[in-house]
Amino acid sequence: MTGDDAAAMSEDSKATVGGQYCGRCGGPATSGDHGGCVDALSLEPPRYCPACRRRMTVQVVPSGWTARCVEHGELTGSTWPGS
Amino acid sequence: MTPSRYDTGQPRTSVCARMAVMTAQAVHKAAPNIDGSETSGGASSPGRGDILAVAREQVLERGERLQLEQILEVLRTGDDELEELLALAHEVRMAYNGPEVEVEGIVSLKTGGCPEDCHFCSQSGQFTSPVRSVWLNIPELVRAAKATRETGASEFCIVAAVRGPDARLIAQMREGVAAIKAEVDIHIAASIGMLTRDQVGELVDMGIHRYNHNLEAAASYFPHVVTTHSWQERWDTCQMVKDSGMELCCGGLVGMGETLEQRAELADQLGELEPHEVPLNFLNPRPGTPFADLPVMESNDALRCIAAFRLALPRTILRYAGGRELTLGDLGTRDGLLGGINAVIVGNYLTTLGRDPKEDLSLLADLQMPIKALNATL
């Protein structure tokens, strides 16, 4: 994943677009209905790497989350905008 | 303190057998009718408004908690009585706790890879949940405590997904608590599983002021929720915490497929235990767990639970815990704060996300509920 891709992901914790796979269910992003996944991602961090669908290690803290893929590096999300 | 019928060391009968006796006694106990007359024998018939009138007199006016059959009657009231029920629960909260709301942040020090099989939990290593093992380092822990304090919260709870702490976790807790205390003015709580008496002492020495260990479910439903340890083991840890001088934080989950009777049983057992704080979780069905396909609780059922728990625990700190965003939404959150709840978790949970604290704090300001100050809790 490029730095630009990672930056785009970290701007929106609901994002599943921009990668091949859905961060919530690990399924192919362009097929199947991921409407439920988009909704879910407002209340949970992504668990699957959008680039390769590997399960990521995810740390949730009060103000946000960090998700790491062994291959593609780190995604972050802040749930306290402006903090 | 009068020993509880659930304490180990007393003549052993199964918890379920004791509960059956309690239930039978409660069924045959006469409940006063609204006009003061008593119904002789049999179960009290929950006429419209009866249990609310009984609760008003018993709980609000005399400060005596509802008992098992009464809690069940509350849970059986209809949607047409919900507004009145919540209003009564709110009066009880205000009378015995005042308007303040205690605000707390929590963080997972050790996530995932838990050896237990609590069916609601995405952190169990026994299921196909996508949650993987992660450890938080000390600087990150202190940052989380600071961020929590900046919201005005007075409590910060460190949680680990374990059966119980080993020496390594105790050492990390000691280092982590010391690091937080050096930089952040906040009360520290912990939730790191079942304890030995020595471990209880170590946590007291570290300066942990409150310890969480939920009963999770009613004793009779517990075997359907967890098989790797017993309800009695959880009860025993809770009693040791109480004996140590640390405040006990103990609650559980509803919406896990239990019956209304079992929901009432959980509230009654918590009422018997009298924790300082009761966190109430509404099941958020997590992918890969045995409970993944259970339906999300109906908002009105969740609100009835809140009111029933308040009437079973008039003096406790009753806290919104996991699942309230999903189950209640914004409007339901407000209704619950006006229906018995007097504490919240601010920000995110252990593996799932919560609201922006500004939204919760704005709601509390709208409701004219001050945040409990740090000094007030000392």
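User: Which buried residues does helix H3 of chain B hold?

Analyst: The buried residues of H3(B) are Leu68(B), Glu69(B), Gln70(B), Ile71(B), Leu72(B), Glu73(B), Val74(B) and Leu75(B). Keep in mind that we are looking at a predicted model.

User: What makes helix H3 of chain B "mostly covered"?

Analyst: Count along the helix, which runs over residues 68–75: 8 of its 8 residues are buried. To be called buried, a residue must have under 20% relative accessible area. For chain B as a whole, which has 378 residues, 59% count as buried.

User: Why is Arg324(B) called buried?

Analyst: Its relative accessible area is 1%, and the cut-off for buried is under 20%. Because 1% falls under that limit, Arg324(B) is buried. You will find Arg324(B) in helix H11 of chain B.

User: Which residues does Arg324(B) touch, leaving out those up to four places away in sequence?

Analyst: Arg324(B) touches Phe282(B), Gly329(B), Thr333(B), Val344(B), Ile345(B), Tyr349(B), Arg355(B) and Asp360(B). A touch here asks for heavy atoms within 4.5 Å.

User: Now two residues with a positive phi. Is Glu216(B) buried or exposed, and how do you know?

Analyst: Glu216(B) has 9% relative accessibility. Buried means under 20%, so Glu216(B) counts as buried. Its phi is positive, about 70°, although Glu216(B) is not a glycine. Look for Glu216(B) in the loop between strand S5 (210–212) and helix H8 (231–244) of chain B.

User: And Gln368(B): buried or exposed, and why?

Analyst: Gln368(B) has a relative accessible area of 70%. The word exposed is used for values over 50%, so Gln368(B) is exposed. Gln368(B) also has a positive phi, about 55°, and is not a glycine. Gln368(B) sits in the loop between H12 and helix H13 (374–377) of chain B.

User: Let's turn to the two chains. What makes the pair Arg286(B) and Glu44(A) a salt bridge?

Analyst: The side chains of Arg286(B) and Glu44(A) meet at 3.0 Å, N to O. The rule asks for a side-chain nitrogen of Lys or Arg within 4 Å of a carboxyl oxygen of Asp or Glu. Arg286(B) and Glu44(A) fit that rule, so the pair is a salt bridge. The count between chain B and chain A is 1 salt bridge. There are also 9 residue pairs in polar contact between chain B and chain A, with both residues at pLDDT 80 or more.

User: Which elements of chain B supply at least two residues to the side that touches chain A?

Analyst: Strand S1 (102–111), strand S2 (134–135), helix H5 (138–150), helix H11 (324–337) and helix H12 (357–366) each do so. The largest share, 4 residues, comes from S1(B). By kind, this side of chain B divides into 15 nonpolar, 10 polar and 6 charged residues.

User: How many residues take part in the contact, and how much area is buried there?

Analyst: The contact takes 31 residues from chain B and 22 residues from chain A. The area buried between chain B and chain A is about 2200 Å², with carbon and sulfur atoms giving 57% of it. In chain B, Pro130(B), Arg132(B) and Leu353(B) lose the most area to chain A, together 31% of what that side buries.

User: Why is area used to describe an interface?

Analyst: The size of an interface is often given as the accessible area lost when the parts come together.

Note on methods. Residues numbered from 1 in each chain as written. Chains lettered and ligands numbered in written order. Heavy atoms only, no water. Buried < 20%, exposed > 50% of the residue type's maximum accessible area, 1.4 Å probe, protein only. Buried area = accessible area lost by both parts, 1.4 Å probe. Polar contact = N/O pair within 3.5 Å; in protein donor to acceptor, adjacent residues only side chain to side chain. Nonpolar A, V, L, I, M, F, W, Y, C, P; charged D, E, K, R; others polar.
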